[in-house]
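Reader: I should be grateful for a close look at a single part of this model. Please begin with the aromatic side chains and continue from there to the surrounding architecture.

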Amino acid sequence: MTTGRRGPLERDTCRDLVMPALRTAGWAAEAITPEYALAQTMRTGSDGAVRSLPGRRVDYVLEIAPGQPVAVVEAKRAYRSARDGLQQALDYAKKLEVPLAIATNGSKIIVHDRSAGTERKVDGFPTPVEAWDSYRRFMKLDGPEADLLLEPLSRRKVSPDGTVHEPRYYQALAISAVLRAIARGERRILLLMATGTGKTFTAMQIVAKLLGYQEKVRPEENYRVLYLADRDVLLSQPMRNDFGPAFGHERLQRVRMGADQSGELYFASYQALHQGAAGDELLEQFPRDFFDLVIVDECHRGSASANSRWRGTLDHFASAIHLGLTATPRDDTVHSYEYFGNPVYRYSLRDGIEDGYLAPYRIRRVILDADAEGWTPDPGQRDLYGREIPQGVYTTRDYERALSLLPRTRAMARHLSGLLRQNPAHKAIVFCVSTRHADDVRAALIAENPDLVRADPEWVVRIVGVEEEKERLLEAFCDTESASPVVATTSRLLSTGVDVPDLRYVVIFRPVGSSIEFKQIVGRGTRLFPEGGKAAFEVVDYVGASEHFGDPDFDGTPPDITIEKTDGSGDVIDITPEPGGDSARTGDPAPADPLLNEPEPEFRAEDPDDVDDPGETRGPRTTYVVVDGVVTVASEAAMVIDRSTGEPRMVEVRTLVEGTMSGFGDAASLGKLWADESTRHEILESLAERGIDLDGLRALADESDSDLLDVLLSMAFQTPVRTRAERARRARESHAEEIRAQSEAGRAVLVGLLQRYEDFGIDDISMRTIRLRPISDAGSITEIASAMGGPDALRKAVRQVPDWLYGA
């Protein structure tokens, strides 16, 4: 569904003919939105910065009130038929849930009314009154409550540059869908929006419209709202980021110890409302009809379940409208649909990624040998505390529950540090089994990165429920302006509701039995942050949790994945068909990860990290602690999406590189292409689009003093890997006569460039390098150019060096 590029004639038609005709029909300028964005695209500029640009757009959207569309207009060039734009207009009308799809070429107008099932040529555009009547028929809004939709949006939340934070198209649709349900008298409403798509901003705008409507129809009464959640962070962030800016922080009431009944906008946790003895809980201090609207954030987490302790909260305020917000409404034990009904609006993770509003991601699957093969104690082996370890094979599910295998934690920290050190400022969350495990992982990361911790003692921190500094650390971690902390280890506290826009790595080091929880964890990284250059993120999976991508209910598939064989230090040593290998080429299923059938943890009153292991029943439990031993990284893999099934499958890095490189030619012709800077960048972009870790391959090339091209050719065509010194030597020998024929300055340039290549690689072969040693010893760039016969001769010499290197 694209509008395509418009030429000058079509733009003139839109401006000169359509706009006056819309004004004649009674549409005010502010009610007409040209080039209405349905999507955005991310582009990296020449300065390396990532910018968001408009993507798919509707020619014109007509709004009866700000954020409330009622019609779309598709305008074609004057020499084309108006009917040529009709199907496109219908597609947009469906997307925006409006009844009127209008197509025009400036002189003829065709209106398709979805509410009446009619299509006809008309002399003029529908008036706002006619469009609103059509919308009300279409949405079955008969009563005066439909005026809810006409209330203004809050415009008090602004971006850092001072621009008003306007709802995106899907947020506007979600607001409208909820208000329509309320206008029709529905009392339980479910809104399904993927993590990172702005549920709390949407909820704030719903409240703004309800309060505006209340002031008109019942000005003498307060309209009271309760925002309900099970974690402090799920209250503090909405209060600080959305509701405070919109309504003023002084109007917000945080329910903690008492029930102040003088306010309008309340924020409470289940824990706060249920403090006190049974029958005398804080909840009871509020009359049952006190609230008009109860917003249940992350409603899948427990309150909707009939046997949940927190169901009593909704039962107590049964007269209020209950609005459930969630990204994941179903799991094996809690069915939000059963309580709230079907969602009035859905916007999925896949929708957000395809529209460009959520960050796409890659998956790196890392298998430790202790997980691949299991770990068996020696007969009579004792743990750190002198206890004899029961015999048996311990596997992924046992680690950090029955057995704490510290060498495994150290191996994971060593491997992860290799990724993080590529850019130590890129934020990461590591999901661990328990608070104790989160502390062990933190300690292991400190041991692997003493220089980073020396520079910043809070480079890596533990953020769990029992951490006394958790609020300060979490606030700093979520702050995009804060350079510290960079890495947070946690158990379940950060798995839902936490907004870290600049998060680059989601690291999973604990089994995740529920695909719902897995989606929540992955969702921590889906927010875009172009201001900081973030347009994608990576999921690093050490426990096989990525099997959940095969769940048909999971709607966000990664673009690709790769496999690298590594040694115990995390270095890439070779690439073999394990796991995946030949199966990636033959279509046979890849070897499966170990099965992880961990049940979804029960919902509890405690902050999820306040108990060591929420997945287990209470009671004494022995965890054996093993300090000594060696655990290595068995393999490292990536995923691609199988187009026939839509599911991810394992493939080798070699397979991805071979498929990409062979598309440009054979080994001989690729050297010539690589010599040209523009073609070289095209090849690199193609590799990056396949999810290949170019930074890792460059590091591998640098460590072996090789050219990146030779590493790629070796992987794709099994050619021997040359060092840069060897390429430079062959170039000097093959072109010795040409070098000798140059002036002294010319020889300095050619020999100097070959030396710079040998030391630093092909990116150093450029005009700017003439200003660097050893070439600068021959004089200034002006002096060198003059000695060589002018600037053109100098540029020609610089351009021919890559041809020498890759033709030798």
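Author: Ring pairs link Tyr 266, Phe 286, Phe 290, Phe 291 and Phe 317 into a cluster. Rings of Phe, Tyr and Trp (its six-membered ring) pair if their centres lie within 6.5 Å; planes under 30 degrees apart are called stacked, those over 60 edge-to-face, and the rest tilted. The model is predicted, so local features need pLDDT of at least 70 and side-chain atom pairs pLDDT 80 or more, while totals for chains, interfaces and linings use all residues. Residues are numbered from 1 along each chain as its sequence is written, and side-chain values use heavy atoms, with hydrogens and water left out.

Across the whole structure, the search finds 21 aromatic pairs. One of them joins Tyr 339 and Phe 340 edge-to-face, with 4.9 Å from centre to centre and 80 degrees between the planes. Tyr 339 and Phe 340 are both buried, a term that means under 20% relative accessible area (exposed is over 50%, partly exposed in between; 1.4 Å probe, protein chains only).

The part that merits the closest reading is strand β13, residues 293-297. Strands (E, at least two residues) and helices (H or I, at least four) are DSSP runs numbered from the N terminus. Because 5 of the 5 residues of β13 are buried, this strand is largely enclosed by the rest of the structure. In a regular strand the side chains alternate between the two faces of the sheet. Here both faces are covered: Leu 293, Ile 295 and Asp 297 are buried on one side, and Val 294 and Val 296 are buried on the other.

On one hand, β13 runs parallel to β10 (residues 225-229), to which 4 bridges join it; Leu 293 is the bridge partner of Val 225. On the other hand, 5 bridges join β13 to β14, again in parallel, and Leu 293 stands opposite Ile 321 of β14. Two strands pair if DSSP finds at least two bridges between them.

These strands belong to an open sheet of 7 strands with parallel pairing, in the order β11-β12-β10-β13-β14-β9-β15. Its edge strands, β11 (252-254) and β15 (345-347), each pair on one side only. Neighbouring strands of this sheet are turned against each other by 20 degrees on average, direction ignored. At the β11 edge, 3 bridges link β11 in the parallel sense to β12 (residues 265-269), and Leu 252 stands opposite Leu 265.

Helix α4 (residues 169-183) lies across β9 (188-193), β14 (321-326) and β15, running at about 170 degrees to β9. Contact here means heavy atoms within 4.5 Å; axes are lines fitted to C-alpha atoms, for helices over the stretch in contact, and angles between N-to-C directions run from 0 to 180 degrees.

A second open sheet, of 6 strands with mixed pairing, has the order β1-β4-β5-β6-β7-β8. Its edge strands are β1 (32-37) and β8 (118-122), each pairing on one side only. In this sheet the twist averages 30 degrees from one strand to the next. Strands β4 (57-65) and β5 (68-75) pair in the antiparallel sense over 5 bridges, with Gln 68 as the bridge partner of Ala 65. Helix α2 lies across β1, β4, β5, β6, β7 and β8, running at about 160 degrees to β5. Gln 88 lies in α2, residues 86-96, and counts as buried at 13% relative accessibility.
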